[in-house]
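Reader: I would like a close look at one part of this model, the largest cavity and what lines it. Please then set it against the cores and a few individual residues elsewhere in the chain.

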Amino acid sequence: MLLRRLFTLLLLLNPTGFLFAMPVQDYLPKQANFDKAVPLPSATLGFEVGERHLRHDQLKQYFNTLAQNSKRIKMTSIGRTAQQREQFLVTVSSPENLTNLDDILAKRDILTTNKKTQDEPLVIWLGYSVHGDEISGANAAMVVAYYLAASEEKSIEDMLNNTIIVLEPSINPDGMDRFVNWVTTYRGSANNSDANHIEHHQNWISGRTNHFWFDLNRDWLLLTQQESRHRLKYFHQYQPHVLGDYHEMGANSSYFFQPGIASRTHPLTPKQNVTLTKELAKFHAKALDQAQRLYYSEENFDDFYYGKGSTYPDINGSIGILFEQASARGMQQDTINGVLTFEYGIQNHVLTSLSTIEGAWQNRKALKSYRKSFYQQAIKQAQREKFDGYLLSETKDSYRLSTLLDKLTQHQINVYPLSDDFSYKGKRYVKETSYYVPLEQAQYRLVQALFNQETDFPDNTFYDVSGWTMPLAMNINFQALDSTWGLELADKPWSTKDISHASKITPNDTDYAYAFEWHHALAPKLLNQLLNKKLKAKVATGGFTSKVDGKKRVFTSGTIIIPAAIQSTLNWRNKLAELASETNIELVTINSGLTSQGIDFGSSSFRPLKQPKVLLLGGKGISQYEAGEIRYYLDETLQIPVSIVEHSRLTSIDLSNYSHLILVNGDYKALSGGNISQLKSWVKQGGVVFAQKRAAKWLAKQEILSVDFVSQKQIDQLFDSEQLNYQDKEMLSARKRIAGAIFATELDVSHPLAFGYTEKTLPLFRNSTLIMDVGQQPFITLAKYKAAPLLSGYTDKNLVNRLAHNAAVVAHNYGKGRVIATSDVLAFRGYWLGSAKLLANSLFFSKAFSAPVKD
C-alpha cells in the first residue's frame, strides 16, 4: 500500500512528551530509503527543520536547491508581494509529467466536461502558512517535498507517475518574515516555555496579516490582494481534486481536520463533497492515532464562507480540507496538554500532508468522477433555475464596474457585454455600461455564491461572515432576468482588454476652466494628486449647467472645477490633463464662468479644497484589520498618504499638523485624560475626526460624538430566554451576534458627504451589534437603515427590527471641527468600494457642510 510505512515513525520523545529538533528523516516513515543525491534541508539551511524559525528567503533557497537536484521537482515563480518577496509554487511529479505539464493541465479544462476523467492525473494542492505566524506549515512543506523527491519506494514512484502534487510553502511571505523577525529577536539561548514570554506575544501588527494587514485567508473570493490574485491564476490552471489548507490555532487546542460542523456547510456545496471529506478524514485519523496524537473533527469550524482556502475549492469542483495545529507561536510553550514545541506542530502537519496524499490516491477514482459530475450537474441545475442570469449596470463609474467584471473573470466566470440596448421591466440598459452573467455556465455555483442574497439559514452560527454579495459591496445595480427576450450579447466574454479609456484633452491657454465629476471611484485620487501638485480646485455644492462642445451639460453637486483664474503653478494645464488621463477620468473643458442654470463659477457655492493630512491611530487593542482596510483604500487605491501613530505616542504628537484623525474599531481606554483633552481641543479648533464602531462609541462616551448607543442590556432584552435550556446557550449567543451581513440604508444624497452618489439606497456592511440613536437632532444623519434593512446574510429578526430607521452614518459640528461616525465597516476587506467613497468624502468635503448639535 502506498506510504504503508507512513505511520511507523521514530518518535523522539523526552520524558515530558515533547519533541526536540531532529533530522528531516526522523519526521518521515522509519524504514523509507532516500536518494542520497537529493539534498537534505539541513545541508542548505545549516540547521535542522524545527531547530529555529527560517526566513522566507531560506525557504526559497532550499526549494531552489531541491529543484536543481531532483527531476521530480519543478519551481514556478507566480509573482511578488508588496514587499517584493517572491511567491512560488513547487510542483512534484514524475519527470515525464513535469516535462509535459502544460499539455497535461490544458487537457483538464473545466469547460471540457465530456472527456474521460480516469485517464487524467490526480492533482493535489497543499497550501501552507497563509497566516505568516502559523509557520509550522512552511516547515512541514520542506519535509514533504524532500520525502517525495528523495524517496526510493516503488509506491511513491508509481503514485507520482499518475499524480501532480502542488506545494505552496508560504502563501504569505511578508507576514512570515514579520513573525520570524519577532520570535528570533526575543528567543533566548535557554529553553523557555513560559506562555507569558514576549516571544509568544507579537506587536500590534502581527505576522498573521500581509503587508497591507489583510487576512489572506479571507481573500480567495474578494481578490483585493496581489498574493491572492497571483495564486488564483494557478489554482484554476491546476484545478486540483483535493486542496489541503494548513493552519495553526490556540496553544491549548490539539489538532483539527475537516469535516467541520455539518449544519454549517454552504448549501451550494454538494453533499458528495462532505462524503469524500469524511473518507479522507479516515486517513488523517489513522495517521494521528498511530502517532498517538490528540485531535478532533466535526466541531468549531464551518464550511460556509467561500473566501477561505478550505472552502473556495468546494465551490470549484474540489475537496478543500482545513487542518489546524495547536500553535507554540514560538519555539515552545506551556499548555494544558503539556509543553508544546514547534517541532511537534511540524510533525503533525507532515503526518496529515502525507495522509492527504495517501487518502486522495486511494480515492482517486471517486475524486475524478466527483470533479466531472460537479460541473455537469452545475449546468443542469442552472437550467432548472427560475431565472436565466444576472444583468449588471453602472452608468456613472467605470472603475467600480470594471473592478467587478475583472474579479468575475478571474474566477473563470463568463460575463458578456451587451451588443445592443436592452429594456427590462420598464428600465433601459445601455449597451456601453451593461453586462450579462448567464447562469448556464460551468461556474454556475460560484456565480450564485457571489450574487446570492440569502437571509434564512438552518444553522445561524457562523465562523465568519454570512453575507458577501459582491455587486452590493461594489454598489453595482444587478437584476436577475427571468426573460432574455430581446437581449443581444457580444460573441466573446468581457476581458480587461475591453476597458474603455477616457480621451485625453489637449489644453489650450484660452480655456476658462476644467471640470470632472465626482462619480468615478478614483476621483478622490485625481483631486489629491492635483492638490499635491499645487493646483487649486473647488467643489460645487450645488448643480449647474454649462456649455461643453457647444451643447448644454448638467453637472451635479460634487463636481470639481479647476478655474484658470486662481492657478499659479507652471505648466498646470498639461499636468492636469496628464493626471486625468492616468486615472481614466473624463476631464471637461469649460469656456465661461457664466452658467446657463445653477451656480456660477465665481459663486461662494464653489468651496475651495485643501489637501488632507491624515493621521490614523493604532496600537495594541485596535483592530489591525480595520486599520489595514482604511490604509489600503486611502494609501494604495487613492494614493493619499496616511500617517500611523500608536496611541502610546499620541501625547507627543502635535495634532495641529493634521487635518483628519481616523479611529477604527478598538479599545481606547489606554488614552489618558490628557489625550482626551488634547483631542477635544484639536477638533474644536477645526480638526476632523472619523470614527468607526467601538471608536465611535468611545467618542460618544467622551461627549465628542452627540449620539447615544443602545446598551448591551437593551440588546439582551430583545430576546426571551426564559424557556431556554443550557444546551440552547450557543444558539442564543448566535442570535445576539451579527457575524457579518449586508444592510440597506437610505442615503441623504443632498449632503456634501454623499457627493458622487446618485441613488438613495446604499448597501453597508456591519459585523457588530452597535446601534446608534440620534434622537431628535436634525441634519446630522447621513445614512439610516431602511424599514426592512437586511439584504444579505444572517441577522436575527429582533436585531433587524431594532436597527430599522436608526442611523448608520452621522456627521456634525464640534466647535470649528467636525465629527463623523459610523457603526458599520465602510471599507470592509478592501472590496467595499460602494461605501468606501464616504471615507474619501470625509477627507475632502468635511467643511462643506455644517450641522450644529444641541449642547
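Author: What follows starts with the confidence of the model, goes on to the cavity, and then takes up the cores and some single residues.

The model is predicted. Its chain has a mean pLDDT of 94, and 97% of the residues reach 70 or more. Residues 1-19 have a pLDDT below 50. Beyond near neighbours in sequence, that stretch still has 57 contacts in the model.

Now to the cavity. Rolling a probe the size of a water molecule over the atoms shows where empty space is left. The structure holds five cavities of 30 Å³ or more, and the largest cavity has a volume of about 60 Å³. Its lining consists of 15 residues. Nearest the centre of the largest cavity lie Glu 248, Ser 327, Ala 328, Arg 329 and Phe 342. Two elements, β7 (319-326) and α10 (342-362), each supply at least two residues of this lining. By residue class, the lining divides into five nonpolar, seven polar and three charged residues.

The nonpolar cores come next. The largest nonpolar core has 113 residues. Phe 516, Ile 560, Leu 634, Leu 663, Leu 699, Leu 705 and Phe 845 have the most contacts inside this core. Leu 663 can serve as an example: leaving aside neighbours within four places in sequence, Leu 663 is in contact with Leu 617, Tyr 668, Val 689, Phe 690, Ala 691, Gln 692, Ala 695, Trp 698 and Leu 699. A second, separate core has 74 residues, including Leu 45, Leu 66, Ile 165 and Tyr 255.

Some backbone details are found in loops. A cis peptide bond joins Gln 258 and Pro 259, with omega about 20°. Pro 259 is in the loop between β6 (255-257) and α9 (271-290). The loop between α9 and β7 holds Asn 300. Asn 300 is not a glycine, yet its phi is positive, about 65°. With a relative accessible area of 45%, Asn 300 is partly exposed. Glu 703, also a residue other than glycine, has a positive phi near 60°. The place of Glu 703 is in the loop between α19 (694-701) and β28 (708-709). Glu 703 has a relative accessible area of 64%, so this residue counts as exposed.

Two further residues can be read side by side. Phe 779 lies in the loop between β31 (772-773) and β32 (781-792), whereas Leu 782 lies in strand β32 itself. Phe 779 counts as exposed because its relative accessibility is 69%. Leu 782 is buried, as its relative accessible area is 2%. Neighbours within four places in sequence aside, Phe 779 is in contact with His 751, Ala 811 and Ala 851. On the same basis, the contacts of Leu 782 are Glu 746, Leu 747, Asp 748, His 751, Leu 753, Ala 754, Val 809, Val 810 and Leu 838. His 751 thus appears in the contacts of Phe 779 and in those of Leu 782.

Last, two distances, both C-alpha to C-alpha. Phe 779 and Arg 802 are 23 residues apart in sequence and 21 Å apart in space. Leu 782 and Glu 582 are 200 residues apart along the chain, and their C-alpha atoms are separated by 32 Å.

Note on methods:
Residues numbered from 1 in each chain as written. Predicted model: local features only at pLDDT ≥ 70, side-chain atom pairs only at ≥ 80, totals over all residues. Heavy atoms only, no water. pLDDT = per-residue confidence, 0-100. Contact = heavy atoms within 4.5 Å. 1 Å grid on protein atoms, 1.4 Å probe; cavity = no way out; pocket = protein on both sides within 12 Å on 5 of 7 lines; lining within 4 Å. Points joined across faces, edges and corners; volume = space filled by probe spheres on them. Helix = DSSP H or I, 4+ residues; strand = E, 2+ residues; numbered from the N terminus. Nonpolar A, V, L, I, M, F, W, Y, C, P; charged D, E, K, R; others polar. Core = buried A, V, L, I, M, F, W, Y, C linked by side-chain atoms within 4.5 Å. Buried < 20%, exposed > 50% of the residue type's maximum accessible area, 1.4 Å probe, protein only.
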